[in-house]
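Work through the exercises below with the model open. Each task is followed by a solution in steps.

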Amino acid sequence: MQLTADFFQTSTKVFSVSELTRNIRNTLEAKFSAVWVQGEISNYKLHPSGHQYFTLKDQRAQISCVIWRDTIVPPRQALVDGTQVQVYGTVTVYETRGQYQLSVQILQPRGVGVLQAKFEALKRKLDAEGLFAPERKRPLPKFPRRIGIVTSPSGAAIRDMLNVLHRRAPWLQILINPVRVQGTGAAQEIAVAIRELASPSDRFAPLDLIVVTRGGGSIEDLWEFNEEIVARAIFHSAVPIVSAVGHEIDFTICDFVADLRAPTPSAAAELIVPDIIDLQRRIDSCARSLAGQLLNRVRDAQQRLDHAREILQRCLAHKIDSYRRGLLHITAALRARSPVRELMVRRNRFIDLHRRLVASPRRLLENARHRFRHIEGMLRVLGPDATLRRGYSITTNERGKIIRTIAAVRPKMKIRTRVSDGEFGSETH
């Protein structure tokens, strides 16, 4: 049978280029949601916009790759052609060119491993959200009374920690919340245990501190402490948390989120509580220092007291001398004013006054008579009557007041005039 163009047009859907490309894109993105790919970089280009473009190839094929500006921080040293890398990303289609490409989210040197790459990716994510910020980390209590420990009850870590804690701080109350520290589901148990210890409960008193710990191991063994659920449980804990996971060279996400990272479980025990022996030494030292200071204070106070006593004694001696001199002066004054002597003096004065009083009336009367005659003579010469006899007169108003100036006279005013042999009335005009 021969197929014609009309047959294809009537029996088969005709796609536009955009539709076909979009369908291919949807198929690729659904089939390859996220993949790891390794190969060699070529044609690397860092665009001014911040996007990075390169081709990833091997001996038989190649694929275009793009790292968007906000996905990965640009490396300190630009990638170079020929570098062997592993990338993680999603397969998509650049519809404008009809070309499929890989949108890269993680890039690492070849051979680093998938777990390490996941570790770095989660670390960057949580760091960007502020879970590692130094300003949010809380200081640990200097003398905790109750602590909680999240760990496996059968591990070596808890035995090491308990030995150190009992030796250094026998007063410490310890609450262990047992969990699995390795294997599927362990991260969920660890997160739940942290939330249980950090939340108020009627079953136990509030804790001062929580320790999340386990012994050392490979990155696979420690991986549960790199899970995001554990990191966020530590971040939201209301109680300060110490991370003591693995050996000194091991680092987990818990270490970065916790308020303090201890290199080992035993080191954590030494960091969170003071040593009772050191405390006793410090107390003894403080007691000796306090006793020395107290002795110095007592000696200083004794010296000040002796000095004050000496000053007081001098002041008292001076006062006593002053009082003695005053007493002698008063005694002399009293002797000078003896009642007998004073009585004699006053008796003599009384006799003298009596003699003068008896002789005074006759002399006083004669003196008074003599002064009266003298004044009487002056009045005869200078008195009003003598003035009237010399031809003068005295004029008074209606009230008998002497008129001395013309201003005191008004019309129709009744006046009286006194002369040597009488007086008469008149009226002014």
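A residue counts as buried when its relative accessible area is under 20%, as exposed when that area is over 50%, and as partly exposed in between. The model is a predicted one.

**Exercise 1. Helix α8**

Task: find which residues of helix α8 are buried, and what covers them.

Solution.
- Step 1. Helix α8 spans residues 265-272.
- Step 2. Apply the cut-off of under 20%. The buried residues are Pro265, Ala267, Ala268, Ala269 and Ile272.
- Step 3. Look at the cover. It includes β6 (146-151), α4 (156-168), β8 and β9.
- Step 4. A rule helps in reading the helix: an α-helix has 3.6 residues a turn, so residues three or four places apart point the same way.

**Exercise 2. The nonpolar cores**

Task: describe the largest nonpolar core and state which elements supply it.

Solution.
- Step 1. Start from the expectation that nonpolar side chains tend to be buried together in soluble globular proteins.
- Step 2. The largest nonpolar core has 33 residues. Those with the most contacts inside it are Val150, Ile190, Ile194, Ile210, Ile234 and Ile253.
- Step 3. At least two residues of this core come from each of α3 (114-129), α5 (186-198), β8 (209-214), α6 (228-235), β9 (241-245) and α7 (253-257).
- Step 4. The largest share is that of α5, with seven residues.
- Step 5. Another core lies apart from it, with 17 residues, including Ile149, Val211, Ala268 and Ile272.
- Step 6. Now take Ile210. Leaving out residues up to four places away in sequence, Ile210 touches Gly148, Val150, Ile194, Leu197, Ala198, Ser237, Val239, Pro240, Ile241 and Val242.

**Exercise 3. Ser243**

Task: is Ser243 buried or exposed, and which side chain does its side chain meet in a polar contact?

Solution.
- Step 1. Ser243 sits in strand β9.
- Step 2. Ser243 is buried, because its relative accessible area is 0%.
- Step 3. The side chain of Ser243 makes a polar contact with that of Asp255, at 2.6 Å.
- Step 4. Beyond four places in sequence, Ser243 touches Val212, Thr252, Cys254, Asp255, Ala258, Leu260, Arg261 and Ala262.

**Exercise 4. The second largest pocket**

Task: give the volume of the second largest pocket and break down its lining.

Solution.
- Step 1. The volume is about 270 Å³.
- Step 2. The lining includes Asn43, Lys45, Tyr53, Phe54, Trp68 and Arg97.
- Step 3. Sort the lining by class: five residues are nonpolar, five polar and two charged.
- Step 4. Sort by element. β1 (35-46), β2 (52-57), β3 (62-67) and β5 (99-109) each supply at least two lining residues. β2 gives the most, three.

**Exercise 5. Positive phi**

Task: compare the backbone and exposure of Asn43 and Lys412.

Solution.
- Step 1. Recall the norm: most residues other than glycine have a negative phi.
- Step 2. Asn43, in strand β1, has a positive phi of about 55°. Asn43 counts as exposed because its relative accessibility is 57%.
- Step 3. Lys412 lies in the loop between β11 (394-396) and β12 (414-419). Its phi is positive, about 60°. Lys412 is exposed too, with a relative accessible area of 62%.

**Exercise 6. Pairs separated in sequence**

Task: how far apart are the C-alpha atoms of Arg124 and Ile72, and those of Pro139 and Ile241?

Solution.
- Step 1. Arg124, in helix α3, is partly exposed at 38%. Arg124 and Ile72 are 52 residues apart in sequence, and 9.2 Å apart C-alpha to C-alpha.
- Step 2. Pro139 is in the loop between α3 and β6 and is exposed at 70%. The C-alpha atoms of Pro139 and Ile241 are 9.8 Å apart, across 102 residues of chain.

Conventions. Residues numbered from 1 in each chain as written. Predicted model: local features only at pLDDT ≥ 70, side-chain atom pairs only at ≥ 80, totals over all residues. Heavy atoms only, no water. 1 Å grid on protein atoms, 1.4 Å probe; cavity = no way out; pocket = protein on both sides within 12 Å on 5 of 7 lines; lining within 4 Å. Points joined across faces, edges and corners; volume = space filled by probe spheres on them. Helix = DSSP H or I, 4+ residues; strand = E, 2+ residues; numbered from the N terminus. Nonpolar A, V, L, I, M, F, W, Y, C, P; charged D, E, K, R; others polar. Core = buried A, V, L, I, M, F, W, Y, C linked by side-chain atoms within 4.5 Å. Buried < 20%, exposed > 50% of the residue type's maximum accessible area, 1.4 Å probe, protein only. Contact = heavy atoms within 4.5 Å. Polar contact = N/O pair within 3.5 Å; in protein donor to acceptor, adjacent residues only side chain to side chain.
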